[in-house]
Structure formats: structure tokens, C-alpha cells
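Biologist: I am new to this structure and would like to understand the terms used for it. Could you show it to me and then take my questions one by one?

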Amino acid sequence: MKSYFLWLLFIKICLAQAPEKLTGNPCISKETCGDCITADPECAWCSQEDFTLDGSRRCDYTGNLRGRCADDHIVMPGQEMKKNKDLEVSSKGVKEGEAIQIKPQEITLKLRPNSPFPLVVEFRQAEDYPVDLYYLMDLSNSMKDDKDKLAELGNLLSTRMNNITTNFRLGFGSFVDKVVMPYVSTVPEKLREPCSDCAAPYGFLNHMPLTTNTATFAELVREARVSGNLDAPEGGFDAIMQAVVCKQKIGWREKSRKMLIFSSDSGFHYAGDGKLGGIVKPNDGHCHLDNNGYYSESTNQDYPSLSQINHKIQENKVNIIFAVTASQVPVYERLSNLLEGSSAGKLENDSSNVVELVQDQYDKITSAVEMKDNAGSNIKVTYYSSCLGTKRENTNICKGLKVGTNVTFEANIEVTKCPKDPKEWNQTFQIYPVGLNEALTVHLEMICECECEKPWNEEKDSDKCTFGNGTYECGVCSCYSNRYGRECECDAKDSDQATDDIGCYFGNDTKPCSGRGICRCGECECFKRQNPEEKVTGKFCECDNYSCDRSEGKICSGPDQGFCDCGKCKCKPGWKGLDCGCRDTNDSCVAPNGKICSGHGDCECGVCKCYDLEEGRYSGTFCERCPTCPLKCDAFRDCVECQIFPDDNDVPAENCTACSFITIGVDKVEVKEEENEKLCVFRDDKDCQFTFKYKLDDEDQPIVHAQRTKDCPEPVNILAIILGVIGGIIAVGLALLLIWKLLTTIHDRRELAKFEKERQMARWDTGENPIYKQATSTFKNPMYSGKQ
């Protein structure tokens, strides 16, 4: 039986929460101050002691709380940001290790969940910034010609880098592979000399720590001997790990741009490959270089994984440049995408382009800045910047930069949710430019609880919680074990909370106490209203005295006409209706004919409600009018003609006696619409018009008035019409004749004028005929030259 009640209670709670979800207000369902302020950035909490007596929600939007909760009791913590260290970015000429390239350097931030804070971060690459370049080379036998070329170009590499920055240091290391089978041959002779004029194999060797004496670089490279191994992949990952983590032995400076040049013509072994040689111990990511510069744990620890290398280069701010031959470029390009701050370039088979490759990759790295962070899973950082343009975009990378160029990023820091463990509410993370050992440190305090919930603000064993059965905080009681209720007034030992709550539901309600009260130990305590005259009553708070129908803003039309009882008006004598606004009498609906609403309607609340019938719709104060009803003109026509115009009517005189009314003759018919009179107009066989009007009296008997004379049209004069038509035809004919004559005269005059003009312009003798020609013709022989 108990399980049944628990299941029913669960359904009730789900149904009760559904309307709140539909409202779109995420605040009102929260029961504690901490849950309230983390639900939405706009949610606020009212810690006022007696605030919920009228059913108000303590957690709501700030605008909804104002005016109902005292301002000093509204809890709504906001964002706070304090700059602990905000030095200006450096210009040229600063001392080594003192350059500042990011601003600010340290802040303290307080944030509520889901409330992003826009933080402006400025970056400028310092001029003449220190550069540490460590050249890590594969010295397997296949790289012999590359080693020789690097020795030739070593001085040129130093010169080029010194042109970029005067604060430059150079180092050199090499690698082969783990000295175990199947990576290298373990035959004693091969261990001493795996190939002709080759050095014994080794994992990694630091030949030259980083130093400003770059002149010795070419000499040490030339002196280094190649070695040999069996398989194609090399032990490059072991060498990268040691070169990155052995900061002191390699000589990395704290404040410098660290660049690791990785040169090889083969692939690489990675974590797990060591098992082939019987090495199962994982790589620990620590430095293991002996006094001679050799990697001492090469045969004891497995190769590092990609994630280990990525973590270490992030931690030590090292940029890796993979300088590999053409066949290996695709592999190392994919590898560089997985390692932060890394890139890959094509190396010629003999490394002849190594200087240009290093300079190009260096320019590529230094001409771009990428902002990243190491924030935890509950913190989201989104970057925006316009870089060197004007359009703001969602990006954390700016390219095309030059030394001394300022770039501004906007880092939107947002707490996505509060961690369950309060110890994680305070976190520190960094926003940093990739490849540089500088960062903005953010000390973030997540606002996941209210100040009034702090231990020093609690009232333990408070009298406000029924004889000290709970802790009073933020205006509510947090009950001790076996106590429940708003003020911890219920004892779980003497009652069942699930059963008690079920007893507070009325019928099919989805909320306890009809949503207008609170369930206390199985009984409803109804909320109080701000208006003391308004009261909520009933066992389940289902009744009130203010939810009845109103008339002109008055409940039940006012206290003189009725009162509200459990949502329905109870009218006083002489009044009726849902709002008691109707008098209990029909006197105001009696028409002049003594009938209620003229017999064409019903009296409701002292007003006639007229019928709407098929024959028409009645209207008027007493439903005395029917504008849409058919007229009775046709029914009265014969009687009117018979009585007013007996000489002109073909109806026998004796039929007039059958008429139920007597037509009254008048000189002129004038209709009075206010008396509901109707006008009738007809024409007889002679096209004469006669007019009459009628209305119905109180007994529905017609009263008819007719005009004594008919309006007949004047007779048509046929002779005048015929003569007019003949005259019109003659007139039109004469007009056409005159027009023809006029046009002919004009044409003749134009032709005469044209003739006279041509005659005056003639060029022949008037005595000769211009068309006459001689009967003879004369021809001349062009070949004839006279008599011989």
C-alpha cells in the first residue's frame, strides 16, 4: 500500500511541474537559493522571512520580485572581475626574461553559471625576443649525406637566425633507436659497429646543449658519426621526449621561443611498439640523460604516446618543426596536426634546403598567434577577434603579424554548470599564446551558492524552524532528519510524508491544496492574500471570495446585490444572474401593446432578447421591428385599389367588402420610420404609379394610408417624333454634301497651283516642242583620221 502512495505522489509531482515548464520560467521550480541562482542568469532569490505566506515563489525573475520583496532581501549575485596584474606589453630593449607579450597577466573572476564574461586580452610579439633552437637529427646510416650537408650549412643557419634576433642560442642532438632486438642487431660485432665506419647504436644523445657559441655547431655535426638499425621506423619519439623535458641539460631558457627541429627520412615508433623488444614499462615522461648526454632508460621504458608528447610540449611551450623528406611529409603533416604548435616541411634528400626550411617555418610560426587555454570541463572559453582587419570573427588565431603588431582577442569565459564537488568551485586556469611561456592566469570563483547559505550566515537550531528542528538560511528552513514541512513542523516518526501529501490533493488537481496553499502534515494551510478582504478557504483551499463574476469591476455587482461564495455569486432578493446584475422582474420588457417584448422575444435581465426566425430578425427596444421580414404590400394592393380607385380597378365592387381594413386617403404619402411604417409602390396597366403605406397596430391589424391621385406619365407626341427624324436625316445629308463640295474645291485649287509652278520652271523655248526629235542620227568613227 505504501508503494502505491509513493507512485501516486511521483505522478502528482510530475504533473505539478509540467505547467511551470510550459511557462518557460526556469526559476519558479527551484527550492533553494543555490539552485535558484544557478538555474538562469536572470533568476533571483527572496530571503524575506514571511514572503511565501501569500503563495509567492521565492525564486523568480528579478523584475517579478521587485515590489513584492524588499530590495535588501533580493539575492542576485553578479559578475566581478579584478585585475591582479596588468602590466603593459613590452617594447624593444627590455632585458632578457623580462619581456611581457600578453596583457593582463593575472585576474580574479567571479561568475554565475551560463553568464559569459567578455575579457579583453591584448598580445604583442616583443622585438628581439630570445630564440632557443635545438636541432634533433636522425643519425641512422641513411642520413649520412644529410649530416654532411648540415655541417656545411651550420654557420649559414647561425647567421640567418642571428639576423632575426640577436638573442639566439643553438643546440644539437641525435637519435637512432632502442638498442634491443628487433630494432637493432644485437650481434656483438654489430653492437660495436653496425655498419662500416659507424658508431655504436644508441637511443638519444645530446651532443651540444643550447649555447650562444654557435660556431661550434658545424664542427660537432661534422664530428658526429652515423649509426645503423634494422627496421625503418626510428626512435624519434624517445628523443623528442628527452629533448623537451630535460630543460636544464638541454639548456632551455624560461622566457624564450623554444624551437625543436626534428630531421628524419623515416617514420617513428610510438607507445606499444616497445613490447616487440620485451619492453612493457610505460614511458614516465621524465628526464633520463646521464652525464654523457645519453638517454639511460632507452631499453627500460616504452616509447612515449602522442598524448604524452603533446602534454609535454604544451607544458614546456616548445614548437616542433618536422623537417622530413618528401616521402614522409604526409605522415608528419598529420602528426603535426595532433601536436600543439607543430608544423612540417619538405627536406631535400641531402638537406641542402635546411636553412631556408628553418627560416620559413620560423617565419610561419612567428607571423601567427594562436590563443588556447587549459580550462576544466565545466568552463567554456570562446575567442573572438578582428585580427588586423575590422570584421569581428569567432577565431582564436590571427595570421600575417609582424614583430611589434598589437592584436586584441575577446575571450568569453562561461561556467557551463557547477561541479558537484564544492571543492571544484574555485579553479585556476591559463589563457596562453601557443609556443610561448607566457600566460594570463585566471582565478575563477564559481558562484554556486548564495552568501546567505554560507556556514557563518546560517541559524542552526533556529526557533523559526519549529522548536529548533532545522537550520534557517536564506529565508527557508533546512530540516533535520525525520522532520519535514516548510517550518519543519511535521514529524516523520508519527506520520508518513507521502501519505500526508496525497491527502492535500483535491480531486484531479495537479497541485497540493489547489495550488493556493501549502500542505502541512497532511492538512492544507491556505495562503494569505495581500488584500485582507480576499480570503482562500476550504479543506483543500478550493474556495475563495474573489473569483466570482464581476460587473463594472465589482464582485457580484457589489455588496448591495450579492456576495461571492466559493467562486459563485449568491444574489440578494430582487436580483439574479451570474453576477447578480439583473433585477428579478420583467416590467422593463413590457411593450405598449401589453405583451412582453411584443411577443417577439424573451426578457433577460430586464432587456428584450429578440427572436431570430426564418421569416426575419426582430429588433427594437420591445422587438417591435423586423427590417428583414417580407413586406405585405402585395396582400394589401387589391384592397387599396378597390377602395381608393374604384373606377380604374377591374376588381368587382363587391370584393371590396372582403377587405379587413379601410384604406385612408391622403394627398401625399410620407413614411415615418420611427413608427415602423412601410412604403408600397405599384404601377397599373396604364403605367400609372400609386403609392400607399401601412403599419400594424398593437393588435397586429393593418392601418393603411394611400395617396388619392396616381402619378401618370404624359402621352407621347408621335407626329413630332416623325417630323423630327425626317428633319434630322435631311440636315445630315446637306451637311455631308457641303463637306464633299468643300473638299473637292480645296483639291482642285492645289492641283492648279502645282501646274502653274511647273510651267514657270520650264527650261525650253516656248516656241518649240520639247518632245520633238530629228529623224536622222549622226555617228562618228573613232578610227577615221581624214583623207589620205
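Biologist: Why is the disulfide of Cys582 and Cys605 called left-handed or right-handed?

Modeller: The torsion about the S-S bond of Cys582 and Cys605 is about -105°, so this disulfide is left-handed. Please keep in mind that this is a predicted model, in which local features need pLDDT of at least 70 and side-chain atom pairs count only at pLDDT 80 or more, while totals for chains, interfaces and linings use all residues. Residues are numbered from 1 along each chain as its sequence is written, and side-chain values use heavy atoms, with hydrogens and water left out.

Biologist: How do you know that Cys582 and Cys605 form a disulfide?

Modeller: A disulfide is defined as a pair of cysteine sulfur atoms within 2.5 Å, and the S to S distance of Cys582 and Cys605 is 1.6 Å, so the pair meets the definition. A search of the whole structure finds 23 disulfides.

Biologist: What makes this pair a tie between separate parts of the chain?

Modeller: Cys582 lies in strand E33 (residues 582–583), whereas Cys605 lies in the loop between strand E34 (601–604) and strand E35 (607–610), so the disulfide ties together parts that are 23 residues apart in sequence. Helices and strands here are DSSP runs, numbered from the N terminus, with at least four residues for a helix (H or I) and at least two for a strand (E).

Biologist: Which of the words buried, partly exposed and exposed apply to Cys582 and to Cys605?

Modeller: Buried means under 20% relative accessible area, exposed means over 50%, and partly exposed is in between, with a 1.4 Å probe and protein chains only. Cys582, at 12%, therefore counts as buried, while Cys605, at 31%, counts as partly exposed.

Biologist: How do you know the handedness of the disulfide of Cys504 and Cys519?

Modeller: The torsion about the S-S bond is about 65° for Cys504 and Cys519, so their disulfide is right-handed. Cys504 sits in the loop between helix H12 (497–502) and strand E24 (517–520), and Cys519 in strand E24, 15 residues apart. Both Cys504 and Cys519 are buried.

Biologist: What makes Cys246 and Cys287 a disulfide?

Modeller: Their sulfur atoms, those of Cys246 and Cys287, are 2.0 Å apart, and the link is right-handed, with 110° about the S-S bond. Cys246 is in the loop between helix H7 (236–245) and helix H8 (247–250), and Cys287 in the loop between strand E11 (257–264) and helix H9 (306–316), 41 residues apart. Cys246 is buried because its relative accessible area is 2%, whereas Cys287, at 32%, counts as partly exposed.

Biologist: Why are strands E2 and E3 said to stand at the edges?

Modeller: An open sheet of three strands has the order E2-E1-E3, with antiparallel pairing. Strand E2 (59–61) and strand E3 (74–75) each have a single partner strand, so one side of each is left without a neighbour in the sheet.

Biologist: How do you know that E1 and E3 pair?

Modeller: Two strands pair if DSSP finds at least two bridges between them, and strand E1 (residues 43–46) and E3 are joined in the antiparallel sense over two bridges. Trp45 has Val75 in E3 as its bridge partner.
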